[in-house]
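Visitor: I would like to take a close look at a single part of this molecule, and to understand how that part is held by what lies around it. Could you take me through it slowly, in connected steps?

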Amino acid sequence: MPKSGLSLSNPGTNAFLSVIKKIKNEAPTVVVQEIDTVYLDRDQLERLKHIKYLIRGHSTVKLRLDIVIMILAIFNCFAIPFDVAFHPDFMDSWWILVLNSVIDFVFLFDLIINFRTSFIHGKTGKEIIEPREIALTYLKGRFWIDLMATIPFDTCLLYTSPSPRDLST
């Protein structure tokens, strides 16, 4: 007989297996379908068919978008302070301005996408797929932080404040 592990001749194991069988037999017959490793009940599956433009919060599409957002945020963490502190001439080149505009657009796109991204409710553990509930939860939560992070303050300052060259004349 093994020292550790379950043995079928062990009375404790038999009791455990009988409890598992009982739970399995008494489980509700509402079958759930797996979509991207999160289970939805039949009502949610039926409702999901009628909701347009919903991104599942745990999907690979959202994961890839989040990775792109993180990479761009890390780039901004270095580029913006570097530009503010040293203001090198190459930071005024057209390709840096285009890159910054693309980054700002991607952040804005992510802000909009979050209004249509499902999430797992913290207390119930169920996936929330109702667009109205998603939007209200986002507005009550991290929307304002995302909005402040999305506003391109560096670009706004670039066009509203006088340049150092203008001040010297």
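Guide: What follows is a walk around the pairing of helix 3 and helix 4, with a short look at the parts beside it. Please keep in mind that this is a predicted model, and that every value below was computed from it.

Let us begin with the geometry of the two helices. The axes of helix 3 and helix 4 come within 11 Å and cross at roughly 140°, and helix 3 and helix 4 are therefore oblique to each other. The reasoning here needs a cut-off, because an angle has to be over 145 degrees to count as roughly antiparallel. The crossing of these two helices, helix 3 and helix 4, is left-handed.

Next, we can ask which residues meet where the helices touch. On the side of helix 3, the residues in contact are Lys-62, Leu-65, Asp-66, Ile-69, Leu-72, Ala-73, Phe-75 and Asn-76. Helix 4 meets them with Leu-99, Asn-100, Ile-103, Val-106, Phe-107, Phe-109, Asp-110 and Ile-113.

Among these residues, Lys-62 and Asp-110 deserve a second look, since their side chains meet in a salt bridge, with 3.4 Å from N to O. This pair links distant parts of the chain, for Lys-62 belongs to helix 3 and Asp-110 to helix 4, and the two are 48 residues apart. Are these charged partners buried or exposed? Lys-62 has a relative accessible area of 6% and is buried, and Asp-110, with a relative accessible area of 12%, is buried as well. Asp-66 also takes part, in that Lys-62, Asp-66 and Asp-110 are linked in a network of salt bridges.

The loops that adjoin helix 3 come next. The loop between helix 2 and helix 3 holds Tyr-53, which has a positive phi of about 60° although it is not a glycine. Most residues other than glycine have a negative phi. Tyr-53 counts as exposed, at 72% relative accessibility. In the loop between helix 3 and helix 4 we find His-87, which has a positive phi of about 40° and is likewise not a glycine. His-87 counts as partly exposed, at 33% relative accessibility.

Another salt bridge starts from one of these loops: Glu-127 forms a salt bridge with Arg-56, and their closest N and O atoms are 2.5 Å apart. Because Glu-127 lies in strand 4 and Arg-56 in the loop between helix 2 and helix 3, the pair ties together parts that are 71 residues apart in sequence. Glu-127 counts as buried, at 2% relative accessibility, and Arg-56 counts as buried too, at 7%. In total, the structure holds 7 salt bridges.

Finally, helix 4 leads us on to helix 5, where Pro-131, Ile-134 and Tyr-138 are buried. These three cover an arc of only 65° around the axis, which puts them on the same side of helix 5. On the other side of helix 5, Arg-132 and Lys-140 are exposed. What covers the buried residues of helix 5 includes helix 4, along with helix 2, strand 3, strand 4 and helix 6. Helix 4 therefore appears twice in this walk, as it meets helix 3 and is also among the parts that cover the buried residues of helix 5.

Technical notes: Residues numbered from 1 in each chain as written. Predicted model: local features only at pLDDT ≥ 70, side-chain atom pairs only at ≥ 80, totals over all residues. Heavy atoms only, no water. Buried < 20%, exposed > 50% of the residue type's maximum accessible area, 1.4 Å probe, protein only. Helix = DSSP H or I, 4+ residues; strand = E, 2+ residues; numbered from the N terminus. Arc of directions from axis to C-beta. Contact = heavy atoms within 4.5 Å. Salt bridge = Lys/Arg side-chain N within 4 Å of Asp/Glu carboxyl O. Axes fitted to C-alpha atoms, helices over the stretch in contact; angles between N-to-C directions. Parallel < 35°, antiparallel > 145°, perpendicular 65-115°, else oblique. Left-handed = near helix turned anticlockwise from the far one by under 90°.
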